[in-house]
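Dear colleague,

Please find below the sequence and the structure that I am handing over to you. My findings on the ligand site and the pockets follow directly after them.

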Amino acid sequence: MAQLIAGNWKMNGLAGEATLLLSGLTAGLAGISADLLVCPPFTRLIQAASLLAGSPIMLGAQDCHAAASGAHTGDISADMLADCGVGAVILGHSERRAAHGESDDAVRAKVLAARRAGLMPIVCVGETGAERDAGAAQAVVQRQLQGSLPDGFEGVVAYEPVWAIGTGRSAGPEDVQAMHAVICGCLRGRFGDAGGATRILYGGSVNAANAAQILTLPEVGGALVGGASLQAEAFLAIARAAR
Ligand code: PGA
C-alpha cells in the first residue's frame, strides 16, 4: 500500500492562502506516488473540495461531533463533512484531547460517527514528554488505542508524541520504530490481519529535511504533517520522500 502523507492545517488558512496552497499542491504532483490528504479548517472545506475536484489529493477535516445532527451549537457532524466532499477526518488529536478534554470514550464515539458517514478516521495517539520520561510511553499509547478504537475499527492510526508536535524536534528513528511496532502489535492482536495492515502514520515536526529518514522505516505508513503542510513546496518535498 502506498504511504499516506496527510497535512493538518490546524487553525490556519484564509481564503487566499488556501487557494495559493492548494493550487501549489495540484501543480506539483509529478513523480509523487504517495496518497495525499489535506485537512483544512472547516471554513475552507467547500472551497477546497472545489479546487481539488479532479485531483488525486484527498480532502479531510480535523474533527467531527459524535452525533449525526441536533442541538450542538458550534459543532459539525460527520454527515456534514461528507456533504462537503470530505473523505477523511482526524480524530483525537492531542491538541483536542488537551484543549477540549476529549477522552478516549469521546474519540471512540467520533470514530463510529465518522464510519457511519463513510469517512476514513485518522485516530491520533501519543504520549506527553512527562509520560515518556516516566517510562510510561508505551502503556499510554496502548491505553489510548484500546479506548479510542471501536471494535471492527477500519481507518488509519497516527502516532504523534506530544513533545514532538510543533517543537521542531521529531522523535528519533529508533523511538518511532519501537512505538510503531507496539501499535502494530496492538492492532494485530485486536483486529487480526486487517489490524496488522492498518497504516500507522508518524506525526510531530516532520519536515522536508527529516522526512526521508522517517518514511523509510518499514513500520511507518506515512506522515501527519502540521507546520510543514502550510507551504506547498515543503509538503510536496515530504510527499516525494514517501514510497
Ligand atoms: P507539526 O504538527 O508537524 O507542526 O509538529 C503535527 C500535528 O500536530 O499533526
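To begin with the ligand, one of its oxygen atoms lies 2.9 Å from a backbone N or O atom of glycine 227. The protein covers 95% of the 280 Å² of accessible area that the ligand has on its own. Please bear in mind that this is a predicted model.

Two side chains also make polar contacts with the ligand. In histidine 93, a side-chain N or O atom is 2.7 Å from an oxygen atom of the ligand. For asparagine 8, the distance between a polar side-chain atom and an oxygen atom of the ligand is 3.5 Å.

The shell around the ligand consists of 13 residues, and the closest are Lys10, His93, Glu160, Gly166 and Ser205. By class, this shell holds seven polar, four nonpolar and two charged residues.

Where does the ligand sit with respect to the pockets? The space that the ligand takes is the second largest pocket. This pocket has a volume of about 190 Å³. Its lining is made up of 18 residues, and those nearest its centre are Gly166, Ser205, Val206, Gly226 and Gly227. Of the lining residues of the second largest pocket, 11 are polar, five are nonpolar and two are charged. Gly166 and Ser205 are thus named both among the residues closest to the ligand and among those nearest the centre of the second largest pocket.

The largest pocket has a volume of about 500 Å³. It is lined by 21 residues, with Lys10, Met11, Pro41, Gln62 and Arg96 nearest its centre. Two elements, α1 (15-27) and α4 (94-99), give two or more residues each to the lining of the largest pocket. The largest share comes from α4, which supplies three residues. The classes represented in the lining of the largest pocket are nonpolar with eight residues, polar with seven and charged with six. Lys10 appears here near the centre of the largest pocket, and it is also one of the residues closest to the ligand.

Finally, two backbone angles deserve a remark. Most residues other than glycine have a negative phi. Lysine 10, although not a glycine, has a positive phi of about 55°; this residue lies in the loop between β1 (4-8) and α1. Serine 205, likewise not a glycine, has a positive phi of about 60°, and its place is the loop between β7 (200-203) and α9 (211-215). Both Lys10 and Ser205 are listed among the residues closest to the ligand.

With kind regards

Conventions: Residues numbered from 1 in each chain as written. Predicted model: local features only at pLDDT ≥ 70, side-chain atom pairs only at ≥ 80, totals over all residues. Heavy atoms only, no water. Near = heavy atom within 4 Å. Polar contact = N/O pair within 3.5 Å; in protein donor to acceptor, adjacent residues only side chain to side chain. Areas by Shrake-Rupley, 256 points an atom, 1.4 Å probe, with all protein chains shown as cover. 1 Å grid on protein atoms, 1.4 Å probe; cavity = no way out; pocket = protein on both sides within 12 Å on 5 of 7 lines; lining within 4 Å. Sits in = over half its atoms within 2 Å of the grid points. Nonpolar A, V, L, I, M, F, W, Y, C, P; charged D, E, K, R; others polar. Points joined across faces, edges and corners; volume = space filled by probe spheres on them. Helix = DSSP H or I, 4+ residues; strand = E, 2+ residues; numbered from the N terminus.
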